[in-house]
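Here are my notes on this one, jotted down while going through the empty spaces and the charged pairs. Have a look at the model first, then read on.

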Amino acid sequence: MADFRQFVTDWSADKQTFRVPWGKAMMWIFLLSDTFVFGSFLVGYMVARTSTTEPWPLATEVFALQVGATSVPLLLIAIMTFILITSSGTMAMAVNYGYRHKPVIAARLMLITAILGASFVGMQAIEWTKLISEGVRPWANPMGASQFGAAFFMITGFHGLHVSIGVILLLVVANRVRRGDYLASGDYGIVETTGLYWHFVDLVWVFIFAFFYLW
């Protein structure tokens, strides 16, 4: 009976459930739902690739970058991946300094994370421009299977949208932290919540990188 009463008390609280702030709990629920969306996209990609009778373009050739007279496979993708992994590190440091009540350093680290994220989106735009100039479209692909274009633009575009939203979120929260909006309460949980979203975006990219560029 006591456990049931505790259960009711937890769920009827207007600020937190099971000692987890509502903002953090809602972010976890959102990320769980988003996991199913990205998972569906990747499963659909695998089905399309394994079922098509046309040859699938080789990622090492399609995403090669010309450096002088040499074609370097996946160079731009490797740089993009390095940038996102680095941004996860700066975001983790921002959360750490937030909980240590050092808002200025936390805000600067979040700003660095946002700059890295924006750099990633910029490089993705370069990648898109290159493929479009080579004739790749969502409905056509001169390099092989027509499903390639649809899968590429849908999956990387949806992820790029998430990164762009994350950059905006980082800038907004960093500005609030910098100007001292959370000094009075001393609660910098919003930094961790923002970090959860950013780490999720980075983790999704690892799967996209493995399935789309290395397969």
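How much space lies in the second largest pocket? About 190 Å³. Keep in mind throughout that this is a predicted model.

1. Let's stay with that second largest pocket for a moment. Its lining is made of 10 residues, and Pro 21, Asp 187, Gly 189, Ile 190 and Thr 193 are the ones nearest the centre. Helices α2 and α7 each give at least two residues to this lining, with α7 supplying the largest share at four residues. By class it's a mixed bag: three nonpolar, four polar and three charged residues.

2. Now the largest pocket, which holds about 240 Å³ of space. Here 13 residues form the lining, and Leu 31, Thr 35, Phe 200, Leu 203 and Val 204 sit nearest the centre. The elements giving two or more residues are α2 (22–51) and α7 (189–213). This time α2 has the largest share, with seven residues. The class split is 10 nonpolar, three polar and no charged residues.

3. What about enclosed space? The count is one cavity of 30 Å³ or more, and its volume is about 30 Å³. Around this cavity you'll find Arg 49, Trp 56, Pro 57, Leu 58, Ala 59, Phe 63, Phe 148, Phe 212 and Trp 215. Eight of the lining residues are nonpolar, none is polar and one is charged.

4. On to the charged pairs: there are three salt bridges in the model. The one I'd look at first joins Glu 192 and Lys 24, with 3.0 Å from N to O. This pair ties together distant parts of the chain, since Glu 192 belongs to helix α7 and Lys 24 to helix α2, 168 residues apart. Lys 24 has 23% relative accessibility, so the residue counts as partly exposed, the band for that label running from 20% to 50%.

5. The second pair is Lys 130 with Glu 134, whose closest N and O atoms are 3.0 Å apart. Are these two side chains buried or exposed? Neither, quite: Lys 130 is partly exposed because its relative accessible area is 25%, and Glu 134, at 34%, is partly exposed too.

6. Last one: Asp 181 pairs with Arg 179, and the closest N and O atoms lie 2.9 Å apart. With a relative accessible area of 37%, Asp 181 is also classed as partly exposed.

Notes. Residues are numbered from 1 along each chain as its sequence is written. This is a predicted model: local features need pLDDT of at least 70, side-chain atom pairs count only at pLDDT 80 or more; totals for chains, interfaces and linings use all residues. Side-chain values use heavy atoms; hydrogens and water are left out. On a 1 Å grid over the protein atoms alone, a cavity is a set of points where a 1.4 Å probe fits but cannot get out, and a pocket is an open set with protein on both sides within 12 Å along at least five of seven lines; lining residues have an atom within 4 Å of a point. Grid points are joined across faces, edges and corners, and a volume is the space filled by probe spheres set on the points. Ala, Val, Leu, Ile, Met, Phe, Trp, Tyr, Cys and Pro count as nonpolar, Asp, Glu, Lys and Arg as charged, and the others, Gly among them, as polar. A salt bridge is a side-chain nitrogen of Lys or Arg within 4 Å of a carboxyl oxygen of Asp or Glu. Buried means under 20% relative accessible area, exposed over 50%, partly exposed in between (1.4 Å probe, protein chains only).
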